[in-house]
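Visitor: Please take a close look at one place where two helices pack against each other. I would like the geometry, the residues that meet, and any ring pairing there.

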Amino acid sequence: MTTTASTAETSWDIEEFETTPVPRDHRRRLPSVAAVWFGFPMVLTCAIFGGLIVYSLGFWRGLLAIAVGNLCLMLYVGSLSYLAGRTGENFALTAARTFGVKAAAVPSAFLATIVIGWFAFQTGMAGAILHDSLGWPEQPTTLAAGLGFIALTLLGIRALSVIGVIAAPVYIVLGAVAIYLAAQDGSGSPFGYSGGAESAALSFGAAVTLVIASFIDSGTMTADFTRWSRTGREGFLAAASAFPVSNSIALLVGGLVVALGGATDPGTDGGNFLGLLIDHGGVLVPLAVAFVFINLGSVCAHCLYNGAVGWSQLTAGRMRTLTLILGAVGVLLAVAGIWTYFEQWLNLLGVIVPPIGAVVILDQLVLPRTRLGSPAPGRAVRWQPFAGWAGGAAVALLAHRLAPWLSDAVVGFVTAALLFTAASALTARDQKDCPA
């Protein structure tokens, strides 16, 4: 690495390359970039979701839904990460290639705003969990947690690597302890668990969607993280460390806690194992408290970083300035308690997101290998990707309402891919019929 890069690494104001591709001499080794993604899914929310899935479907069908959802995420996030490692561009710059230089502001602003909603949701969750478990005052705890998460994000991509390295083993160790305690307190093998709901709260397709939707927003914006990769291959491998590896572990922990009977209210709280740790007292109590801040701090920092990088590109601002502004908004929403209304809305928006990545992958990875590829660098607006996004989102929302047994996230992705391919074929034919 050059002297300039080394100096930048040690300074507070390390360059984050918000509006330009990351130069080759500033790219990071695979373990550093993989640490950003590997630690991201190691969050208590995944334990909750994993428990809900197993409670609804039973142990083996639940594991199959988790596996299918993670396979979809691996292909989706991995493809977008391959692009990012190849070009060094963040999501906003990548989207400009597909949607158009000016029109890309629409999907970029949409996603950069959603992830701030997730930041507020997880920050509010930190205060609520400690209030419910230990009686801590909810609003002051939420405020303190939010300020800490903002400070962590200000350190930039280096901090995301470090918190990922810390958060992952902490989650695995305490998750293993929770599984052990659940096995000691419960009876029977988890492998024969057939589910606790008389009528499944989630269908198989809905469970797959839940796995996908939990990280589809930041997964679509993966370029903000994996643009630091040295090659496209390393970008893909960095994303694969999360999907399927760490995300499967995180979901499985919650599923095992439920299957072993260690969850207090699995129909609502899924595999949330924090109460299980606290109920056993002793050293597990301070460890559980530290776990909340480390665990939710990791996911909050990732979401806030995504939002700050996205809005930096849109406003020509600096990442750290936007971190302070957007972080303040998110913390205010969390302290005010508005975060409690976000979950269903954010998950519904998660259904709308997969078509965005679908058209980017088709446009930049698949169609250029065929005669349908019609690259248009520098064009202000391209209608084809918007047709794919709108059509895919509309069909996904219909599936969400009318066909709950299907995975509406997968339906949206496939529909968007088909519509975008058809629109590209139409454009290619018109260009052939009307040569310049």
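Guide: Contact here means heavy atoms within 4.5 Å. The model is a predicted one. The part chosen is the packing of helix 2, residues 30-39, against helix 12, residues 232-259. Two packed helices are described by the angle between their axes and the distance between the axes. For helix 2 and helix 12, the axes come within 8 Å and cross at roughly 35°, and the crossing is right-handed.

From helix 2, the residues in this contact are Leu 30, Val 33, Ala 34, Trp 37 and Phe 38. Helix 12 meets them with Glu 234, Leu 237, Ala 238, Ala 239, Ser 241, Ala 242, Phe 243, Val 245 and Ser 246. By class, the residues of the contact between helix 2 and helix 12 are 11 nonpolar, 2 polar and 1 charged.

Two of the residues named also pair through their rings. A pair of aromatic rings is described by the distance of the centres and the angle of the planes. Over the whole structure, a search finds 20 aromatic pairs. One of them is formed by Trp 37 and Phe 243, with 5.2 Å from centre to centre and 65° between the planes. Planes over 60 degrees apart count as edge-to-face, and the pair of Trp 37 and Phe 243 is edge-to-face. Trp 37 belongs to helix 2 and Phe 243 to helix 12, so this pair ties together parts that lie 206 residues apart in sequence.

Note on methods:
Residues are numbered from 1 along each chain as its sequence is written. This is a predicted model: local features need pLDDT of at least 70, side-chain atom pairs count only at pLDDT 80 or more; totals for chains, interfaces and linings use all residues. Side-chain values use heavy atoms; hydrogens and water are left out. Axes are lines fitted to C-alpha atoms, for helices over the stretch in contact, and angles run from 0 to 180 degrees between N-to-C directions. Helices (H or I, at least four residues) and strands (E, at least two) are DSSP runs, numbered from the N terminus. A crossing is left-handed if the near helix is turned anticlockwise from the far one by less than a right angle, and right-handed if clockwise. Ala, Val, Leu, Ile, Met, Phe, Trp, Tyr, Cys and Pro count as nonpolar, Asp, Glu, Lys and Arg as charged, and the others, Gly among them, as polar. Rings of Phe, Tyr and Trp (its six-membered ring) pair if their centres lie within 6.5 Å; planes under 30 degrees apart count as stacked, over 60 as edge-to-face and the rest as tilted.
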